[in-house]
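Colleague: Hey, could you walk me through this one? I haven't looked at it before.

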Amino acid sequence: RYVRQLQRLQFLFSPTAADSRGARQFVEEAAQDFARQHPDVVLYVSPRSGMAPVVRAEYLNGTVREELIASKTSEEIVQLITKMANQSGLDIIRIRKPFHTDNPSIQGQWHPLTNKPSILTVQGPRLQPQ
Amino acid sequence: MVVLSAARWVRSRLTDRFWRVQEVLKYARHFRGRKNRCYKLAMRSVRRAFVRSTKARREKKRILRTLWITRIGAASLEHGLKYPAFIGNLLKSQVELNRKVLADLAIYEPKTFKSLAALATRRRQEGFLAALGDGKEPEGIFSRVVRH
């Protein structure tokens, strides 16, 4: 069953600044629809004046991602938070390998004595010199 | 007094310089010498590093393939076969494993690799019998080709 990795979204913007206009429109119009469509995400709206408007996303694995929403329209903010809601909290960096195993070797990893006669490895009772 | 346009004698100052410089320096942090600190030197070094990384993507494929080939050759020598014989006989027995997978098997599954080497030796002997023998012996089992 699908578990949404986004835990909460915090909208921090000022009630009077000009660049928070899109954020204010979003909170008035589209925030309730978004909250209804995504019931497992919690939305928090708090005022923060003197700083740029920001939306902070916290994921289940603990990563916190902040995105600027200054001078963005309401629709752009909706697009942005739907994108964040569909992401997982893994870091957005280049994946070195598209595969990973915890047990890469089943028959035992090769070491220089795998294909040598076992007389070299086995320590039995001391062999008599012949 | 309502001011609708900025006064003409006010010129704008560049306030973003720090971040524009950091955009370049963040890619130069692991370099050696002054090019990890000084913007002018870092610009040149970062640009050359990016050019080299794009060109190296084509070389990486070649480098990895030669690495796999050396590893497979070394592993097959442990079982008494040389690399060309091993690969040629595997292909003749219709085992179409690529070099990446063969190298991984040689490292992590040595017994599987041993059985593949045995298959290649057997196919090699059957090939010699078919070529040098007189046609009186039956065809080898591993020389049978399945057409899909």
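Modeller: Sure, let's go through how the chains meet, then the domains and the salt bridges. Keep in mind that this is a predicted model.

Colleague: Okay, how many residues does the contact take from chain B and from chain A?

Modeller: It takes 9 residues from chain B and 9 residues from chain A. Together they bury about 920 Å², and carbon and sulfur atoms give 47% of that area.

Colleague: Which three residues supply the most of the area that chain B buries against chain A?

Modeller: That would be E78(B), Y108(B) and P110(B), which supply 54% of what chain B buries there, more than any other three residues.

Colleague: And which elements of chain B give two or more residues to that side?

Modeller: Those are α4 (99–108) and α5 (110–132) of chain B. By class, the side of chain B that touches chain A has 4 nonpolar, 2 polar and 3 charged residues.

Colleague: With charged residues there, how many salt bridges are counted between chain B and chain A?

Modeller: The count is 0. For polar contact, though, there are 8 residue pairs between the two chains, both residues at pLDDT 80 or more.

Colleague: Then how many salt bridges does the structure hold over all chains?

Modeller: There are 6 over all chains. One example is R4(A) with D40(A), where the closest N and O atoms are 3.5 Å apart.

Colleague: Where in the chain do those two sit?

Modeller: R4(A) is in the segment before β1 (6–13) of chain A, while D40(A) is in the loop between α2 (31–37) and β2 (42–47) of chain A. They are 36 residues apart, so this pair links distant parts of the chain.

Colleague: Switching topic, what domains does chain B have?

Modeller: The assignment gives domain 1 (17–58) and domain 2 (61–132). Their centres are 43 Å apart, taken over C-alpha atoms.

Colleague: And what does UniProt annotate on residues 15–88 of chain A?

Modeller: The unreviewed UniProt entry has "domain: Ribosomal protein/NADH dehydrogenase" there. In the model, that stretch of chain A is 39% helix and 23% strand, with its end C-alpha atoms 31 Å apart.

Technical notes
Residues numbered from 1 in each chain as written. Chains lettered and ligands numbered in written order. Predicted model: local features only at pLDDT ≥ 70, side-chain atom pairs only at ≥ 80, totals over all residues. Heavy atoms only, no water. Domains from an automatic or database assignment. Contact = heavy atoms within 4.5 Å. Buried area = accessible area lost by both parts, 1.4 Å probe. Salt bridge = Lys/Arg side-chain N within 4 Å of Asp/Glu carboxyl O. Polar contact = N/O pair within 3.5 Å; in protein donor to acceptor, adjacent residues only side chain to side chain. Helix = DSSP H or I, 4+ residues; strand = E, 2+ residues; numbered from the N terminus. Nonpolar A, V, L, I, M, F, W, Y, C, P; charged D, E, K, R; others polar. UniProt positions renumbered as here; feature names shortened; annotations may be inferred.
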